[in-house]
Amino acid sequence: MSLAARDITIGYDKKTISEHLDLVVPEGRFTAIIGPNACGKSTLLRALSRLLKPSAGEVLLDGRDIHSRPAKEVARRLGLLPQSSIAPDGITVAELVARGRFPHQKLIRQWSVADETAVVAAMAATGVTDLSGELVDTLSGGQRQRVWVAMVLAQQTPIVLLDEPTTFLDIAHQIELLELCVRLNREQGTTMVAVLHDLNQAARYADHLVVMKAGAIVAQGDPREVMTAELVADVFALGCRIIDDPETHTPLVIPRSSVVQRVG
Amino acid sequence: MSVDFGRRVLVVRPHRNVSARLSVRPALVCLVLVLAALAVGVLALGTGEFTLTPSEVLRALGGEGTRAARLVVVEWRLPRVLLALIIGAALGLAGAVFQAITRNPLGSPDVIGFSTGAYTGVLIVTVFVGNGYYLVAAGALAGGLATAFAVYLLAFRRGVQGFRLIIVGIAISAMLSSANQWFIIKVDLQAAFAAAIWGQGSLNGLGWSQVTPVAVTVGVLCLLLIGYGPRLSLLEMGEDAAAALGVRVERTRLAYLVIGVALTAIATAVAGPISFVALAAPQLAQRLTRTPGIALVPSAAMGAFLLMISDFLAQRAFAPTQLPVGVVSVGGIYFVWLLVRQARR
């Protein structure tokens with residue numbers, strides 16, 4: 001189950017975002033794509049998830065061009081949590097999660113035992129089993145995001161892409177969601193790729209960082225090697241110190257301040 | 001181990017490779033709607049200048065009873081009832097498709113200008129060619145399809161988005177309505193009158209010769225809809241979510257639009273613009289069934305019921321004067337209610 005971009009040029013209409021981009025997604029690991037606003041990280045994720053067709057080059061899923069394969073077949077290998085999804089009015093949690101089974105279903109096989117098992121497992125893994133019969137509209141933001149993740153898990157794909165999954169969540173729910181992703185990655189060997197905004201969360205939870213700037217990948221690798229003060233200064237134009245996260249012993253970015261200086 | 005869906009669900013698994021999950025409430029609602037539509041149908045078959053009791057009607061349908069009863073019921077009245085049911089279902093489906101694609105309860109074949117365009121087509125045909133039944137039907141088809149196509153092209157920018165489709169549709173409709181008005185004022189009275197009658201939408205004067213082509217074409221379109229499975233519901237979750245689940249969004253949406261327009265085209269060609277059914281049926285069905293999003297089968301059942309009962313009322317309310325079914329203003333009342341509700345949100 002490999003996912004790679006080979007020499008792709010991507011953009012919208014005539015505006016090119018990235019040119020000649022190469023990326024091999026490490027199998028069975030948690031990759032975070034980081035970079036400043038408008039650096040093309042979401043665009044890259046859209047290309048990897050075949051929502052955006054490269055104008056040149058190709059995205060390879062198991063060595064074959066992702067756009068040449070049947071859509072449902074791709075959806076059985078590659079799951080995606082998009083930035084914005086709309087829960088239909090009046091849908092319950094279990095019904096929404098069950099929709100993740102579409103790529104496995106056929107016209108006359110709409111609800112097999114395997115479908116049911118996958119939905120039960122996905123709801124258990126995300127801790128929404130108790131909400132099963134609730135209307136999605138009535139849930140809190142954090143619960144709702146967990147339901148969407150459950151839908152992606154029910155798809156049972158070896159690769160899962162997440163486009164800014166922590167946006168709109170409060171800090172507790174952000175941590176909860178990322179821990180969930182790491183757990184799935186460790187326990188089921190799911191290859192995860194997430195676009196993240198928070199550098200510290202990326203450095204803490206991902207085991208592979210991809211750093212982008214102005215449409216290009218400028219660094220990638222183990223967060224402990226990649227996340228340096230020079231890199232943050234170069235990519236984000238932010239002066240900082242990097243210290244050791246006392247909880248996880250991962251790099252912690254401490255931005256410098258020219259205004260607030262307290263003597264402690 | 002079973003999943004709590006928050007509503008009563010029936011799981012059928014006769015074979016390892018054959019399975020289905022059915023929500024009980026929508027299934028019951030559909031059953032009741034179909035039975036109610038059939039009951040009104042039986043009433044309609046029995047009423048008119050030659051009155052029959054429901055049991056006489058059923059006997060005539062079964063091939064028994066007097067020759068006169070069979071003639072009136074089967075030859076004269078049955079085609080109209082069948083057409084009301086089929087066209088009602090077709091309009092319900094068309095409305096459901098448009099509302100799901102545009103994710104808007106105001107999305108209907110009308111809103112994208114189909115009916116207005118069809119009317120323009122009919123006006124042009126009656127004025128310049130003549131007002132035979134098939135001529136008018138052809139004019140309606142050509143006008144409607146041309147308008148729908150124009151709206152699609154104008155609304156297309158990196159794919160079609162629901163809201164833009166509606167806005168462009170309203171703009172084109174407004175232009176065409178004024179063109180229609182101008183036409184009616186300018187042309188001779190008789191042609192204007194003929195076109196205006198068509199413009200009310202009516203099942204008057206339909207017979208067996210229309211039933212077979214309508215049933216076959218609507219049937220084929222239904223098969224296509226079945227073939228696309230639950231993709232319409234997946235599209236409702238947004239383009240990215242649908243694509244991630246393995247739906248080819250742009251192609252599928254275009255297919256649905258074509259099916260929706262074709263269903264509307266058949267209905268409009270046969271019976272004129274009976275717009276309210278497409279607008280109201282999916283929403284009413286959703287309120288009754290409480291399905292997530294717009295569902296096709298309940299919308300079809302509701303459409304058949306609505307058109308059946310509206311046509312029955314149109315025929316009987318001011319008997320012996322038969323009103324065109326479009327006059328029965330379920331549509332208008334519903335529309336106001338919908339707007340008020342939307343505005344309150």
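Two residues are in contact if their C-beta atoms, placed from the backbone, lie within 7 Å. On that criterion, the contact between the chains takes 36 residues from chain A and 32 residues from chain B. The structure is a predicted model, in which local features need pLDDT of at least 70, side-chain atom pairs count only at pLDDT 80 or more, and totals for chains, interfaces and linings use all residues. Residues are numbered from 1 along each chain as its sequence is written, while chains are lettered from A and ligands numbered from 1 in the order in which they are written.

**Confidence**

- The model scores ipTM 0.91 and pTM 0.90.
- Chain A has a mean pLDDT (the predictor's confidence in each residue, from 0 to 100) of 93, and 99% of its residues reach 70 or more.
- Among the elements of chain A (helices, H or I, of at least four residues and strands, E, of at least two, both being DSSP runs numbered from the N terminus), strand S3 (residues 30-34) has the highest mean pLDDT, 97, and helix H6 (residues 171-188) the lowest, 91.
- Chain B averages a pLDDT of 87, with 90% of the residues scoring at least 70.
- Within chain B, helix H1 (residues 24-46) has the highest mean pLDDT of the elements, 96, and helix H14 (residues 330-344) the lowest, 63.
- Where pLDDT is low, the predicted coordinates should not be read in detail.

**The side of chain B that touches chain A**

- Strand S2 (18-23), helix H9 (231-235) and helix H10 (239-244) of chain B each supply at least two residues of this side.
- By class, the side of chain B that touches chain A holds 15 nonpolar, nine polar and eight charged residues; Ala, Val, Leu, Ile, Met, Phe, Trp, Tyr, Cys and Pro count as nonpolar, Asp, Glu, Lys and Arg as charged, and the others, Gly among them, as polar.

**Overall form of chain A**

- Chain A contains nine helices and twelve strands.
- The radius of gyration of chain A (taken over C-alpha atoms) is 19 Å, which agrees with the value near 18 Å for a compact globule of 264 residues; the globule rule is 2.2 Å times the number of residues to the power 0.38.
- Taken along the principal axes, the C-alpha atoms of chain A fill a box of roughly 65 × 45 × 30 Å.
- Of its 264 residues, 45% count as buried, a residue being buried if 20 or more other C-beta atoms lie within 10 Å of its own, exposed if 12 or fewer, and partly exposed in between, with C-beta atoms placed from the backbone.
- Among contacts in chain A with a separation of 6 or more, 63% are between residues 24 or more positions apart.

**Positive phi in chain A**

- Most residues other than glycine have a negative phi, and most peptide bonds are trans.
- A:Arg50 is not a glycine, yet has a positive phi of about 60°; A:Arg50 is found in the loop between helix H1 (41-48) and strand S4 (56-61) of chain A.
- A:Arg50 is buried, because 22 other C-beta atoms lie within 10 Å.
- A:His249, also not a glycine, has a positive phi of about 55° and lies in the loop between strand S11 (240-244) and strand S12 (251-255) of chain A.
- A:His249 is exposed, with 10 other C-beta atoms within 10 Å.

**Overall form of chain B**

- Chain B contains 14 helices and two strands.
- The radius of gyration of chain B is 21 Å, close to the 20 Å that the globule rule gives for 345 residues, so chain B is as compact as a globular protein of that length.
- The C-alpha trace of chain B spans about 60 × 50 × 40 Å along its principal axes.
- Buried residues account for 48% of the 345 residues in chain B.
- Among contacts in chain B between residues at least 6 apart in sequence, 71% join residues at least 24 apart.

**B:Ile294**

- B:Ile294 is found in the loop between helix H12 (275-289) and helix H13 (296-316) of chain B.
- B:Ile294 counts as buried because it has 26 C-beta neighbours inside 10 Å.
- Leaving aside residues up to four places away in sequence, B:Ile294 touches B:Ala96, B:Gln99, B:Ala100, B:Pro282, B:Gln286 and B:Ser299.
- B:Ile294 and B:Arg103 are 9.0 Å apart in space, C-alpha to C-alpha, and 191 residues apart in sequence.
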